[in-house]
Each structure stands twice: as structure tokens, then as C-alpha cells.
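Let's take a walk through this structure together, one region at a time. Keep the 3D view open as you read, so that you can find each residue as it comes up.

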Amino acid sequence: MVHGHGKSQTTEKRAIAAFKDHNVDCILFGHSHIPFKKVVNGILLFNPGSATDKRRQSHYSYGILTITNEIHAEHKFYSVKE
């Protein structure tokens, strides 16, 4: 898990770079508040978005990771913050 902040590259690339010397299956990151899910070179990259500050996104979001023999990531979206 890494926040993902920095000045060069995209948040996604900074998250990958943070673990370049490690053997990982999943990288959970944030910073941008933009929901994101993608597999790169066998690594699941997952940004849950934000449950409290959607910024320029149309919906608030959070993520659920289910870890069994595999890692499954799912976004949950909603439009009204309660």
C-alpha cells in the first residue's frame, strides 16, 4: 500500500515504482481520488477512489478487496454522502 503522491509521472506509475524491487501481487494506492483498477505485468493496481472527497469524479467511491487464493477488487459507487 502506498499513497502515490509525487511530482513526476502519473500516480499509477509512481505506485508501481514504489514496489519495483519487491515481488507483489497487488498495489493499493490513492492520492488522485480517481477509482482505478488495472492489471500490469501480473500486478493488480487498485485505487478505491474517495468515500469523502470525490473532487472531479461523478460519484464517491470505496473499494473492497477479497483475498482468497486470488485477489478480487471491486469498486462501490454512490452519489450522496451520508
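**A walk from sheet to rings**

At 38% relative accessibility, Lys 38 counts as partly exposed. Before we look at what this lysine does, please keep in mind that the model is a predicted one.

What does Lys 38 pair with in a salt bridge? The partner is Glu 12, and the closest N and O atoms of the two are 3.4 Å apart. Because Glu 12 lies in helix 1 and Lys 38 in strand 2, the pair ties together parts that are 26 residues apart in sequence. The glutamate is the buried end of this bridge: Glu 12 has a relative accessible area of 18%, which puts it below the 20% limit for buried.

Now let's look at the sheet around that lysine. Three strands make up an open sheet, and their order is 1-3-2, with mixed pairing. Strand 1 (26-28) and strand 2 (36-40) are the edge strands, each of them pairing on one side only. From one strand to the next, the twist averages 15 degrees. As a reminder, strands of a sheet pair through backbone hydrogen bonds, either parallel or antiparallel. In the case of strand 2 and strand 3 (residues 43-47), the sense is antiparallel, and the pairing runs over five bridges. To find one of these contacts on screen, start at Phe 36: its bridge partner in strand 3 is Asn 47.

Where does helix 1 sit relative to these strands? Helix 1 (residues 11-18) lies across strand 1, strand 2 and strand 3, and it runs at about 50 degrees to strand 2. With that in view, the link between Glu 12 in helix 1 and Lys 38 in strand 2 is easy to place.

The count of salt bridges comes to four, and two others are worth a visit. The side chains of Lys 20 and Asp 21 meet in one of them, at 3.7 Å from N to O, and both residues are exposed. Glu 74 and Lys 76 form another, with their closest N and O atoms 3.1 Å apart. Here Glu 74 is partly exposed, at 30% relative accessibility, and Lys 76 is partly exposed at 30% too.

Next come two backbone angles in the loops. His 33 is not a glycine, yet it has a positive phi of about 70 degrees. You will find His 33 in the loop between strand 1 and strand 2, where it counts as buried at 18% relative accessibility. Arg 55, which is not a glycine either, has a positive phi of about 45 degrees. Its place is in the loop between strand 3 and strand 4 (60-67), and Arg 55 is partly exposed, with a relative accessible area of 49%.

Our last stop is a group of rings. The count of aromatic pairs is three. In one of them, the rings of Tyr 62 and Tyr 78 have their centres 6.2 Å apart and their planes at 55 degrees, so the pair is tilted. Tyr 62 belongs to strand 4 and Tyr 78 to strand 5 (residues 71-78), so the pair ties together parts that are 16 residues apart in sequence. Both are partly exposed, Tyr 62 at 39% relative accessible area and Tyr 78 at 23%. Together with Tyr 60, Tyr 62 and Tyr 78 form one aromatic cluster. Finally, Lys 54 lies over the face of Tyr 60, at 5.7 Å from the ring centre.

Key. Residues numbered from 1 in each chain as written. Predicted model: local features only at pLDDT ≥ 70, side-chain atom pairs only at ≥ 80, totals over all residues. Heavy atoms only, no water. Pairing = 2+ DSSP bridges. Helix = DSSP H or I, 4+ residues; strand = E, 2+ residues; numbered from the N terminus. Axes fitted to C-alpha atoms, helices over the stretch in contact; angles between N-to-C directions. Contact = heavy atoms within 4.5 Å. Buried < 20%, exposed > 50% of the residue type's maximum accessible area, 1.4 Å probe, protein only. Phe/Tyr/Trp six-rings, centres within 6.5 Å; stacked < 30°, edge-to-face > 60°. Lys NZ or Arg CZ within 6 Å of the ring centre and 35° of its normal.
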